[in-house]
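Thanks for making time this morning; I would like to take you through one structure, beginning with a helix and its end and then turning to where two chains meet. Please have the viewer open as I talk.

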Amino acid sequence: MQPNILHRANDMTPRARWYLGIAGLRHLLVGAFALSMPTSFKSTSFIPIIEAAPLWFWAIFSLGSAVACTGAAITKSEPLARLGMAWSAVLTLLIGTGLLLSVFTGQSSSPTGPIIWLAVAFKDFVVCAQPIRSPFEGLTERLARKSAT
Amino acid sequence: MPQFDLPGWSQFILAIVALGGALGAHRLNRRGQITQTQQQNAANELATRAQGFEEMEALVDRLNHEIERIESRADRDSQLQARRCRTTLDHFVMAFTTLQGQVVSEQARQAAEAAQVEVETHQAEDHPEPGGPELGMA
């Protein structure tokens with residue numbers, strides 16, 4: 001008889017859920033600000049991004065990513081998590097690249113923006129390449145609960 | 001810092017980056033899924049081995065109880081028999097414990113095989129009768 005402790009569908013790791021939740025919140029805030037307060041994006045470093053597509057497009061793009069990431073963190077759905085992470089990685093990469101372009105066009109006052117956004121984008125890509133679920137998660141939780149009591 | 005004039009080019013550049021990024025994310029996602037499947041298979045394999053260990057521990061327990069039962073008899077022959085059984089079982093447990101610690105090592109495999117031969121020899125010499133106690137049925 002096979003033990004069923006590792007054979008049932010495994011839970012999403014808390015790390016993955018936290019990461020998805022934080023990414024979702026990041027995109028929710030950026031999207032909500034872009035949609036409700038477009039005038040706050042007045043820095044010239046945003047010019048290449050806004051030239052490429054209107055701000056409302058970026059806002060909806062960002063809110064879509066927020067829905068996918070947050071939804072995956074809540075429902076523990078792996079397909080939604082993979083979609084959300086890919087969406088988040090591409091969106092963050094685009095914003096980082098747009099800000100990087102502004103550095104080369106002289107429209108940016110500091111290169112720290114693209115450095116941080118691109119670093120976050122690569123972090124998202126790294127998470128894409130990782131397992132979202134851990135086969136040992138259920139077992140670890142059960143053993144931790146047993147040793148705590 | 002060199003400066004470039006990129007009117008209209010940002011759309012093109014970002015479209016290329018979006019395409020490359022989406023493709024990269026898709027590939028990385030697939031890699032993540034493959035790693036996850038590998039981990040799942042490895043975990044299932046380990047779980048199966050652990051199950052084997054649990055069954056073996058239960059068997060050793062049962063044999064220990066059986067030996068204790070025989071030892072408690074007043075019959076001297078039975079006590080001698082029980083002592084021999086215990087020695088064999090102790091050697092087996094030692095090999096089994098080593099095996100638990102070194103699941104994949106060649107040394108542990110050889111030790112387990114030697115213990116198995118010892119158990120079989122012991123069974124053939126001390127329990128030759130067909131209706132005698134069998135491993136796991138003691």
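Just after α3 of chain A comes A:Lys76, which has a positive phi, near 60°; helices here are DSSP runs of H or I with at least four residues, numbered from the N terminus. This is a predicted model, in which local features need pLDDT of at least 70 and side-chain atom pairs count only at pLDDT 80 or more, while totals for chains, interfaces and linings use all residues. Residues are numbered from 1 along each chain as its sequence is written, chains are lettered from A in the order in which they are written, and side-chain values use heavy atoms, with hydrogens and water left out.

As for the helix itself, α3 of chain A (residues 55-75) has 21 residues and should span 30 Å at 1.5 Å a residue, which agrees with its end C-alpha atoms being 30 Å apart; the expected span is 1.5 Å times one less than the number of residues.

Turning to the interface, 33 residues from chain A and 31 residues from chain B are in contact, meaning heavy atoms within 4.5 Å. The area buried between them is about 2,800 Å², with 66% from carbon and sulfur atoms, where buried area is the accessible area (1.4 Å probe) that two parts lose on being put together, summed over both. In chain A, the residues losing the most area to chain B are A:Arg82, A:Leu101 and A:Phe104, together 18% of what that side buries.

Which charge pairs join the chains? The count of salt bridges between chain A and chain B is zero, taking a side-chain nitrogen of Lys or Arg within 4 Å of a carboxyl oxygen of Asp or Glu.

Conventions:
Helices (H or I, at least four residues) and strands (E, at least two) are DSSP runs, numbered from the N terminus.
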